[in-house]
Amino acid sequence: MSRARPDRAAIAPELRRIERRLMLKGSLSLGGLSMLSGCALDDEPSVERALAVMSRFTDRMQALLFSRQRLAREFDASQITQPFPFNAYYDEDEVRTVDPARWRLEVGGLVSDRRPWSLAQFRALPQKRQITRHICVEGWSAIGDWSGVPLSIFLHHVGADLRAKYVNFRCFDDYSTSIDMATALHPQTIMALDYGDHALPSAYGAPMKVRIPTKLGYKNPKYLSSIEVTNRFPGGYWEDQGYNWFGGS
Amino acid sequence: MFQSESPDMLSSRRVRPGRTPSPVIRITHWIGAASMLVMIGSGWQIYNASPILPFEFPPWATLGGWLGGGIAWHFAAMWVLMAAGVVYLGYGALSGHFRRDLRPAGPRAVGRDVAQALRFRLSHTAGHYNAVQRLLYTGVLIVALLTVASGLSIWKPVQLGWLTWLFGGYDIARRIHFAMMTLIVAFLVIHIVLALLVPQTLFGMIFGRRPPAASQETVR
C-alpha cells in the first residue's frame, strides 16, 4: 500500500485542529453517543459548536449576576482545611520553583507602566488577609488562608485601562487563565504572597498566586509570571479545552 | 345553512374542551423530559470527577465524555430546563391546571388508587388526574424545584449566598442536590412503568386526547 507523503507544514493547522478535537472527544462515552440519539461522529462538530454557544450564553448570564459588592463568605482560622490539598494539572513532584529574589512579574497590554515587578515591590503595598473557600470545578472544596495585594490596587499602580474587558494571567508552569475586569476589581481578588503566616509554599504557587474567591479553582492561577490587560479574549489552559470561561461562584 | 344552527349549539361548541393535556403542557413536558435526562447524564459525569459516595456511575450512563463535556451539557440543558419550567409553572398557575388537576387528593383516594395501581387496575380517563398521578406529579414538581434551587446554590455560592445558606452551606447543598436527583430518578422509574401500563397516556402526552363525553361537564 503506497501513500503519498503530505507536506507537513501545509497540513499543520489542520492537524492541530484534528488533534484538539480528538482530545475533546477522546473519551466520549457510549452513553454520550447514545444520548445524542444517533448523532454520528462526523455530526459532532455541530453539537460541540452548540455547546460552545450555550457556554458563552452562560458566561453572559454569570457576568449579569456578578456583583462587585457581594463578598464571598470568610471563615474562622479553626475552619481551615488541614492540610490544604495540592491541585494542578500535574502531580506534586513536578512542581516547578523559582528563586524568589530573581522572580519578576511581567506586566503587559493596556497599562501605562510596563516595567516588571519584583516581590519586594508587592511586599511594600497594602496586604489583605482572607480565609475563604476554594471550590474546585470537580465539586470538592477546601478552606484556605491567603493574603496579598488586592489586584485592583496593583492595576491602579500600573495605570491599567480599567474599561478593558479582560485580565490575562500566564504562569511559569505553562498554565494560563483569564478573568473579566469586574472580577479583577472585586475587593476579594488578591495577588497572594502568603499562605497562613508564611510565604506561599511552592505547592501552593510560590511566589505568587491569584486568589479569587468568587471564581472556581481553575480560575485561580498559581506560579504567576505575567499579567496582561486586554480587550482580546485570552481563553486559558482549561478554558481552551472546553471548561466554561467565566467560571464564577 | 348557517342560520339553521341554534345559538345553543354554537355555545356548546365553544365550551367543548380541546385535547388534553393542553399543548403547552405536552410541549413543556417533552422539552423538560429531554433536558432532565441530559441534566442527569451530565450530572453523573460531574459527580464522577469527585464522588461524595463510595461509588461512581458507569461511564456508559454518563454524558459528555469528560468533566468539561459534562459541565458543558449540564449548563446548556439547565437553561432549557429552566425556560420550560418557567413556562409550565406560569401556565399551570394561570390556567388552573395545578388547582384543577394536580391538587393532591385525600388520603383515602390515594389509598384506593395506589391499591388499584398495584393490581394494575388503575382507572384512567383522559382529562382526569387520579390520586396517584396528583401525588406523584406534585411531588416531583417540588423535588424538581428543590433540585434546581440546590443546583443554583452550589453553582453560585457567592452571588446566591443566601440560597446556599438556606441549604445549610456548600457541602450540604451538594448532597441535597444529589439526593433530589435520586428522587427524580426514582420518580422516572415509577412514571415510565405506569405510563407503559396505560399506553394511551403516553400517546395522549404526545398527541393529546379528547376527554370522553361524560367527563366534559366536569372539565369546565
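T189(A) is a buried residue, with a relative accessibility of 0%. Keep in mind that what you're looking at is a predicted model. To find T189(A), go to the loop that runs between α6 (181-184) and β7 (190-195) of chain A. What does T189(A) touch, once its neighbours within four places in sequence are set aside? Its contacts include V149(A), P150(A) and L151(A), and also T183(A) and A184(A). The list is rounded off by V210(A), R211(A) and I212(A).

Two of those names, V149(A) and P150(A), turn up again if you move over to P126(A). Leaving out residues up to four places away in sequence, P126(A) touches G148(A), V149(A), P150(A) and I153(A). P126(A) and P150(A) are 24 residues apart along the chain, yet their C-alpha atoms are separated by 8.0 Å. You'll find P126(A) in the loop between α4 (119-123) and β3 of chain A. Is P126(A) buried or exposed? Neither, quite: its relative accessible area is 46%, so it counts as partly exposed, since that label covers what falls between under 20% for buried and over 50% for exposed.

One more stop in chain A is Q241(A), which sits in the segment after β10 (224-230). Its relative accessibility is 16%, and because buried means under 20%, Q241(A) makes the cut. Its side chain has a partner too: a polar atom there lies 3.0 Å from the backbone oxygen of Y237(A).

Now hop across to chain B. How many helices and strands does chain B have? There are 10 helices and 0 strands, so read along the sequence you simply get α-α-α-α-α-α-α-α-α-α. Chain B has 220 residues, and 47% of them count as buried. If you take the contacts in chain B between residues at least 6 apart in sequence, 64% of them join residues at least 24 apart. On the outside, the accessible surface of chain B comes to about 12400 Å², and carbon and sulfur atoms own 71% of that.

For a single spot in chain B, try G111(B), in helix α5 (residues 107-118). G111(B) is partly exposed, at 40% relative accessibility. Its C-alpha atom is separated by 8.4 Å from that of A131(B), and the two residues are 20 apart along the chain.

Finally, look at where the two chains meet. Chain A puts 37 residues into the contact and chain B puts in 28. Together they bury about 2800 Å², with carbon and sulfur atoms giving 67% of that area. How many salt bridges are there between chain A and chain B? The count is 1. The partners are R133(A) and D171(B), whose closest N and O atoms are 3.4 Å apart. There are also 8 residue pairs in polar contact across this interface, with both residues at pLDDT 80 or more.

On the side of chain A that touches chain B, the elements giving two or more residues are α2 (30-35), α3 (44-65) and β3 (128-135). Which of the elements gives the most? That's α3(A), with 8 residues. As for the kinds of residue on this side of chain A, they split into 20 nonpolar, 14 polar and 3 charged.

Terms used:
Residues are numbered from 1 along each chain as its sequence is written. Chains are lettered from A and ligands numbered from 1 in the order in which they are written. This is a predicted model: local features need pLDDT of at least 70, side-chain atom pairs count only at pLDDT 80 or more; totals for chains, interfaces and linings use all residues. Side-chain values use heavy atoms; hydrogens and water are left out. Contact means heavy atoms within 4.5 Å. Buried area is the accessible area (1.4 Å probe) that two parts lose on being put together, summed over both. A salt bridge is a side-chain nitrogen of Lys or Arg within 4 Å of a carboxyl oxygen of Asp or Glu. A polar contact is a pair of N or O atoms within 3.5 Å; within protein, one must be able to donate a hydrogen and the other to accept it, and residues adjacent in sequence count only if both atoms are side-chain atoms. Helices (H or I, at least four residues) and strands (E, at least two) are DSSP runs, numbered from the N terminus. Ala, Val, Leu, Ile, Met, Phe, Trp, Tyr, Cys and Pro count as nonpolar, Asp, Glu, Lys and Arg as charged, and the others, Gly among them, as polar. Buried means under 20% relative accessible area, exposed over 50%, partly exposed in between (1.4 Å probe, protein chains only). Accessible areas come from the Shrake-Rupley method with a 1.4 Å probe; for residues, only the protein chains shown count as cover.
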